[in-house]
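Grab a viewer and a coffee, and work through the exercises below with the model open. Try each one yourself before reading its solution.

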Amino acid sequence: MPNILEMRDIHKIYPNGTVANKGVNLTIQEGEIHAIVGENGAGKSTLMKVLFGLEAPTQGEIIYKGKKLALNGPKMAITHGIGMVHQHFMLVPSFTVAENIVLGNEPKKGIFSDRRKAKEITENLVNEYGLVVNADTKVENLSVGKKQRVEILKVLFRGAKLLILDEPTAVLTPQETADLFKSLKVLVSKGFTIIFITHKLREVMDISNNITVLRAGTTIGTLKTSETNEEEISRLMVGRDVLQRVIKKIATPKENVLSVNKLVVKDDRGQIAVNEVSFTVKAGEVFGIAGVEGNGQTELIEAITGIRPVVSGAVTYLDQSLHDKSVKAIRKLKIGYIPEDRQTRGACLTASIEENLILDRYTEKELSVGPFIQFQKVGSFAEQMIREYDIRTKNYKFAASSLSGGNLQKVVIARELSKNPKLLIAAQPTRGVDIGAIEFIHKEIIKKTSEMIKNIVRE
């Protein structure tokens, strides 16, 4: 197959000195699914932002369909048939599916938008590409998987032939992932080319034709999927062998730490999401809660951590009720919480990395004297966390928004684990992080279980 895209010697250096890409080379064949993998902060998303016109390269060139391409923004990329589906959806929740798909390019009937035509366009796209979704449904009422279909349909409506999918399966259920892969194969059979960014190596092996590995902002190599395996890919990504399983001792549970008794909680629509759920978590164990996303896990955790009100039932922590306690009061009880959505619950993107590391700790005597924060101590603490948790940044004064998704996750995890909690509630703690970071996070959580027993016994 001929090459549809070449990115040659791409460098991207930001004004603050951060080097995201340094000499990346990428070749994409027409009609393939090409996976791009690498550790958090390896430069994958930045490279794709350069391709989509969101960032201008510091150096290098893009050859698209045999011609040099200089992009001045996403609009220009779209006119050339390059479309991007971002990891965090860019949809208007109160609009219908059809309204979102034609947004900015609405068909007109006189001076008014032609809603009937918009619906017809949407239904034609659905029928042609098999991305099934109801044109009249409001986006706010869709599942995550269907929202993603809308994003892909938006890109197809604008004429894209090269699709960039950034972490497309990060929040999908296994069934939604399987459905997405079927749709991608239909698109490829119709002549589309897909760039697929992910951390999930099993999916890479299932869906891609070729794989390019990035590490520390540069190209390590391109592999034919049929001639490699997960172990080789992970070794190239991280630079060493990665243990893809958790080694832990058999738990010896002690006294009860958390008891949930017949808990009833409603979701945002006022429907029962948690219906008389009961369980007990003991000191020294890792207690797993499994289930397809959207079946009450979020509401359960938010009720325990004080974010969501409880309809009925009881939550008891070390023999004291958490009923009607504020989020602040619950966190002062040494309950750590790693939320599933790091951007809206876990971090403040406009604050610095060091500020995020002390969000609820700045009044502690180790970091302040009376009402005054000791910024030198805060800086030393931030440097320690960056070193221990391998947070890829040049300066803890940088805004949290400057970090890749996986490195932002490490900031949240560093903050919560460094407080030596007696109970840690971790919702999807490895979502969107690379295989090396997954190994590290699992090890840290296992290590903390024994420390939590000591904390409880001491106090």
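The exercises that follow use a predicted model, and they go from a sheet to the nonpolar cores.

**Exercise 1.** Work out which strands stand at the edges of the sheet with the order E2-E1-E4-E5.

*Solution.* Start with the general idea: strands in a sheet pair through backbone hydrogen bonds, in a parallel or antiparallel way. Here we have an open sheet of 4 strands, and the pairing is antiparallel. Now look at the ends of that order: E2 (19-29) and E5 (67-69) each have a single partner strand, so one side of each has no neighbour in the sheet. From one strand to the next, the twist averages 25°.

**Exercise 2.** Zoom in on E4 and E5, and find the bridge partner of Ile-62 in E5.

*Solution.* First pick out E4, residues 59-64, which pairs with E5 in the antiparallel sense over 3 bridges. Then go to Ile-62: its bridge partner in E5 is Leu-69.

**Exercise 3.** Find the strands that helix H1 lies across.

*Solution.* Locate H1 at residues 44-51. It lies across E1 (3-13), E2 and E4, and it runs at about 115° to E1.

**Exercise 4.** Track down the largest nonpolar core and see what Leu-156 touches.

*Solution.* The largest core has 34 residues, and Leu-156 is among those with the most contacts inside it, as are Ile-152 and Leu-184. Next, see who contributes: H3, H4, H5, E9, H6 and E10 each supply at least two residues. Skipping residues up to four places away in sequence, Leu-156 touches Tyr-129, Leu-131, Leu-163, Leu-187 and Phe-192. Finally, a second, separate core of 28 residues includes Leu-357, Ile-386, Ile-391 and Val-412.

How values were computed. Residues numbered from 1 in each chain as written. Predicted model: local features only at pLDDT ≥ 70, side-chain atom pairs only at ≥ 80, totals over all residues. Heavy atoms only, no water. Pairing = 2+ DSSP bridges. Axes fitted to C-alpha atoms, helices over the stretch in contact; angles between N-to-C directions. Contact = heavy atoms within 4.5 Å. Core = buried A, V, L, I, M, F, W, Y, C linked by side-chain atoms within 4.5 Å. Buried < 20%, exposed > 50% of the residue type's maximum accessible area, 1.4 Å probe, protein only.
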